[in-house]
Amino acid sequence: MSFQLFHGTVIHSRGPSELIILESALVIVDGEGKIANLVEDVPRDRIPCVLSSLDIPSCSSVNIRYLPRSEFLIPGFVDTHNHAPQWAQRGLGQSMHILDWLEQVTFPNESRFKDPAYARRIYSNCVDGFLKQGITTASYYGSLHAEATKILADICLEKGQRALIGKCNMNRNAPDSYRDASVEASLRDTEDCIAHIRRIDPEGKLLKHVITPRFAISCDPELLDGLGKIAAANPDLPIQTHFNEAEQEMKFTQELFPQFKGSEADLYEHYGLLNERSILAHCCHMTEYEMSRLKELGCGVAHCPISNMTVGGGFMAAPVRDFLRRGIDVGLGTDSGGGFSSSILDAMRQALVASNAREVMSRGRDKGLEIGELFYLATLGGAKVCGLGNRVGNFEPGKEFDALVIDTNAPGVMTIVEDEDSTRTIFDKFVMTGDDRNIKNVYVCGQSVRRYLG
């Protein structure tokens, strides 16, 4: 069996408050793209002895990647909430209220994906763009078009990105030109997309379909019921939707579903769409009751701090500290067109801003997040939200090698690294001031999917 070996600084998380920095570590990746071993404190001249003790042929040492002080290895970023069709509308409609933004900007843009050629062009650029920014796993909302959603799946597989991909279900409260023709058509298209993804990636090595009711506003009760039945019949598939995002959205949802008395938790649970497989985007306005339901049901939260402060109506700071305190899984989402940036690094920084605001709002009860916690949300936290915590998110042996090589000396505007800087200082500088130019290599399941060429 062939091996890939990396020697140098390795940084990953074991939990929200467990940032692990290993200098002179040796990461051993087997031929199937899995982490065979992570050995700490290995001087360079001791590598042959370590390999011998692990029954790895010494010839494998020829292929060791030695990382200089300016480089380190981190897990790939996980984007838990991403609207792939909005790649071409990023930056538009900022400061608008959520329902106005959907009507005036988003729905007209997404309707263009009825054209397969257009979908292929935008999605190809989209996946390239996210890989360039180190997003090795993304949970994608597609458009409502089955053909375009299948094209997105084909492209993710072709380019090697790990992805959850969902045909967006919506049959009301949208323009006639951009809504599912009927409940039956929406469910039929969903089943078609599920079958397509299983056909092109039968082992689910990289891809899974994710059941995707856009939100309750856009789905009538019959459609939600049908999607719940699909979810029950396919217990391996995740579920994603928007949850308590903005006051305007929440008020309209209550008008449409008065029987649930304002509880989106009760609404989605009633239709079989709220459980340990659920990825709930935003969760900005949470009651004690809904907090407890998310915890009891094992739901995950996709925190999207950039869009929460630029689109939706108001400065919406989700209670991330409270989620973490309760043991609710939380990851970060770029929300693509919903904000001004598609970078997880920017999402980490904005999450810091949002958490500081939340500390003020809670009168000090919910302390602001620390850099190590932000990094956890972007990696292992996101993997757990997407139901992949046992496969990716850190460098535990047995997991798949989704990783980034960070080059802090790359041309760009990252804070300069000085001779006296500790490894932790260098890491902090990257998180707070680095960008895609510092992401030298991207690996998914041991395969190189992107190399920065300067």
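Colleague: Let's begin with strand β16 (residues 403-407): how many of its residues are buried?

Modeller: Happy to, and please keep in mind that this is a predicted model. Strand β16 is mostly covered. Of its 5 residues, the number that are buried is 5.

Colleague: Which residues point one way from β16, and which the other way?

Modeller: The two groups are both buried. Leu 404 and Ile 406 point one way from β16. Pointing the other way are Ala 403, Val 405 and Asp 407.

Colleague: Nice. In which sense do β5 and β16 pair, and what is the bridge partner of Leu 73?

Modeller: Strand β5 covers residues 71-75, and its pairing with β16 runs over 5 bridges in the antiparallel sense. Within β16, Leu 73 has as its bridge partner Val 405.

Colleague: And what does Leu 404 pair with in β17?

Modeller: Strand β17 spans residues 439-444 and pairs with β16 over 4 bridges, in the antiparallel sense. In β17, the bridge partner of Leu 404 is Val 442.

Colleague: Let's turn to the open sheet. Which strands are at its edges?

Modeller: The sheet has 4 strands in the order β12-β13-β14-β15, with parallel pairing. An edge strand here pairs on one side only. That description fits β12 (239-243) and β15 (329-332).

Colleague: By how much are neighbouring strands of this sheet turned against each other on average?

Modeller: Direction is ignored for this value. The average turn between neighbouring strands of the sheet is 30°.

Colleague: Which residue is the bridge partner of Ala 302 in β15?

Modeller: Strand β14 covers residues 300-303, and its parallel pairing with β15 runs over 4 bridges. Across that pairing, Ala 302 is matched in β15 by Gly 331.

Colleague: Which strands does helix α13 lie across, and at about what angle does α13 run to β15?

Modeller: Helix α13 is made of residues 371-385. It lies across β13 (278-282), β14 and β15. Its angle to β15 is about 115°.

Colleague: Why are α12 and α13 called oblique to each other?

Modeller: Their axes come within 10 Å, where helix α12 comprises residues 344-361. The crossing is right-handed. Angles of 65 to 115 degrees count as roughly perpendicular and those over 145 as roughly antiparallel. The axes cross at roughly 135°, so the two helices are oblique.

Colleague: Last one: how many nonpolar residues does the contact of α12 with α13 have?

Modeller: From α12, Ile 344, Met 348, Ala 351 and Leu 352 take part, meeting Leu 374, Phe 375 and Ala 378 of α13. By class, there are no polar and no charged residues in this contact, and the nonpolar count is 7.

Key. Residues are numbered from 1 along each chain as its sequence is written. This is a predicted model: local features need pLDDT of at least 70, side-chain atom pairs count only at pLDDT 80 or more; totals for chains, interfaces and linings use all residues. Side-chain values use heavy atoms; hydrogens and water are left out. Two strands pair if DSSP finds at least two bridges between them. Axes are lines fitted to C-alpha atoms, for helices over the stretch in contact, and angles run from 0 to 180 degrees between N-to-C directions. Contact means heavy atoms within 4.5 Å. Angles under 35 degrees count as roughly parallel, over 145 as roughly antiparallel, 65 to 115 as roughly perpendicular and the rest as oblique. A crossing is left-handed if the near helix is turned anticlockwise from the far one by less than a right angle, and right-handed if clockwise. Ala, Val, Leu, Ile, Met, Phe, Trp, Tyr, Cys and Pro count as nonpolar, Asp, Glu, Lys and Arg as charged, and the others, Gly among them, as polar. Buried means under 20% relative accessible area, exposed over 50%, partly exposed in between (1.4 Å probe, protein chains only).
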